[in-house]
Every structure is written in structure tokens, then in C-alpha cells.
Amino acid sequence: MKSLTTERLILRKWQESDFAAVHDYAKVLENVRYMPFGPNSEEETKAFLARSIVRYADDPMIDYTYAVTIRETGQVIGGCSLTILRNQEASLGWILHRDQWKKGYGTELAGALIHFGFSELKLHRIFATCIADNYGSYRVMEKSHMRREAHFIKNRFQRGEWQDEFIYAILQEEWEMMK
């Protein structure tokens, strides 16, 4: 799996040495409030890293999971993934440390994954989901030229209650028209 480079970021393979940086955001409720996991214990963060690293040996690879790092410093600020599901379709996901929110990194990493998915993996469709209250997440999707395809009412049970969920997507042909 190759690294992906943007203007300010490098998306690279996870390493065991990333534990402290990952746990720094995965253990904090504010940071994982909209995620289906967390806050993580140290054991859960270690298990995540171990699962991610093992998947790099999969053949064929279906789960492209990356550490998000600042290009200039190498600092790990989050994680992202592009997971191939079926029929040349993939799910896009990410998390960033709360100290890095509202800096455009989400849109930058999403753009890199979308480009990789369509140009290298020859995908047909890429989609992402979020809890409807997660303004930051759906704004990343909109800025990445994804369109809202669905608003499911009380579709995701998370943190003890039913949450509305948005689904955004972009087709390869739509992406081609924007290049």
C-alpha cells in the first residue's frame, strides 16, 4: 500500500509507534462523540492498531487504512480509510484530533482518498455516512463534491439513543467531470 501525499498531509500506513498519538484522540469523548467506537481504553487503541497493521497483508486489499500526518512535521493527527465493499463501491471514513478541526484537513484527506479510489482503484462509487448532527463531517463531504443521497430518520443507535444519519456519495463519472 502506497502513501498518499497532499499539499499539507501524508497519509501513510499505521505503525505500532503511533499508539500515543492515536490514543490521545481516541480516549476523549468529545473527539469520538459521533464515532461508533470510544472513548477507547489503551487496550482498544492497541487492538485497533494491530488490526490495521495486519490488514496491510491482505490480498486482495479491501481496507485501505491510513494514519493522517502533517507533512512538515510527521505528527499523527488522525486516521482515515477507504474500504471496498462490493460492485466497485467503497466507504470513506476519517477522524481527526479535535485540535486539528476547522483547518481544512478533512477536506484535504477526503479529496486524496477520492482521487485514489477513482484513479487507482477504478471504483464506480464512493460514499460516506455521518450522524446528521455532525456538521463538520457533512461539510467535509459537501466540500469534497459529494452529494447527499439520503437522510435516514433514527437509523443509527449510538451512545444510548437513536440518531438520524446522512449518506453522501460521489460517482466516478461525476468526479471525472470536475477534473
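Biologist: Leaving aside neighbours within four places in sequence, which residues is E165 in contact with?

Modeller: In this predicted model, E165 is in contact with T129, C130, I131, A132, A150, H151, F152, N155 and R156. A contact here means heavy atoms within 4.5 Å. E165 itself is found in strand β8, residues 161-171.

Biologist: What makes the pair of E165 and N155 a polar contact?

Modeller: The two side chains come to 2.5 Å. The cut-off for a pair of N or O atoms is 3.5 Å, so the pair qualifies.

Biologist: Is E165 called buried or exposed, and why?

Modeller: Its relative accessible area is 9%. Buried means under 20%, so E165 is called buried.

Biologist: How do you know whether Q158 is buried or exposed?

Modeller: By the same kind of reasoning. Q158 has 7% relative accessibility, which is under 20%, and therefore counts as buried. Q158 lies in strand β7.

Biologist: Which residue has its backbone oxygen 2.7 Å from a polar atom of the Q158 side chain?

Modeller: That oxygen belongs to M35. M35 also appears among the contacts of Q158 outside its sequence neighbourhood, together with R33, Y34, P36, I131 and Q163.

Biologist: Where else does M35 appear?

Modeller: At the largest pocket, which has a volume of about 1400 Å³. Of its 50 lining residues, the closest to the centre are M35, G93, W94, I95 and L96. By class, the lining has 21 nonpolar, 18 polar and 11 charged residues.

Biologist: What is the order of the strands in the open sheet?

Modeller: The 8 strands follow the order β1-β2-β3-β4-β5-β6-β8-β7, and the pairing is mixed.

Biologist: Why are β1 and β7 called edge strands?

Modeller: Each pairs on one side only; β1 covers 4-5 and β7 covers 147-158.

Biologist: What makes β1 and β2 count as paired?

Modeller: There are 2 bridges between β1 and β2. Pairing needs at least two, so the condition is met. These strands run antiparallel, and T5 stands opposite I10 in β2.

Biologist: What is the bridge partner of I10 in β3?

Modeller: It is T69. In total, 4 bridges join β2 to β3, again in the antiparallel sense. On its other pairing, β3 meets β4 over 7 antiparallel bridges, with D63 opposite T83. The hairpin of β3 and β4 has 5 residues between the strands, and G74 there takes a positive phi near 80 degrees.

Biologist: What makes you say that both faces of β3 are covered?

Modeller: In a regular strand the side chains alternate between the two faces of the sheet. On one side of β3 are D63, T65, A67 and T69, on the other Y64, Y66, V68 and I70, and all are buried. That agrees with the count for residues 63-70, where 8 of 8 are buried.

Biologist: Why is V76 in β4 called buried?

Modeller: V76 has 12% relative accessibility, which is under 20%, so it counts as buried. V76 lies in β4, residues 76-86. Among its contacts beyond four places in sequence are V68 and T69, which are buried residues of β3. The C-alpha atoms of V76 and L96 are separated by 9.2 Å, with the two residues 20 apart along the chain.

How values were computed: Residues are numbered from 1 along each chain as its sequence is written. This is a predicted model: local features need pLDDT of at least 70, side-chain atom pairs count only at pLDDT 80 or more; totals for chains, interfaces and linings use all residues. Side-chain values use heavy atoms; hydrogens and water are left out. On a 1 Å grid over the protein atoms alone, a cavity is a set of points where a 1.4 Å probe fits but cannot get out, and a pocket is an open set with protein on both sides within 12 Å along at least five of seven lines; lining residues have an atom within 4 Å of a point. Grid points are joined across faces, edges and corners, and a volume is the space filled by probe spheres set on the points. Ala, Val, Leu, Ile, Met, Phe, Trp, Tyr, Cys and Pro count as nonpolar, Asp, Glu, Lys and Arg as charged, and the others, Gly among them, as polar. Buried means under 20% relative accessible area, exposed over 50%, partly exposed in between (1.4 Å probe, protein chains only). A polar contact is a pair of N or O atoms within 3.5 Å; within protein, one must be able to donate a hydrogen and the other to accept it, and residues adjacent in sequence count only if both atoms are side-chain atoms.
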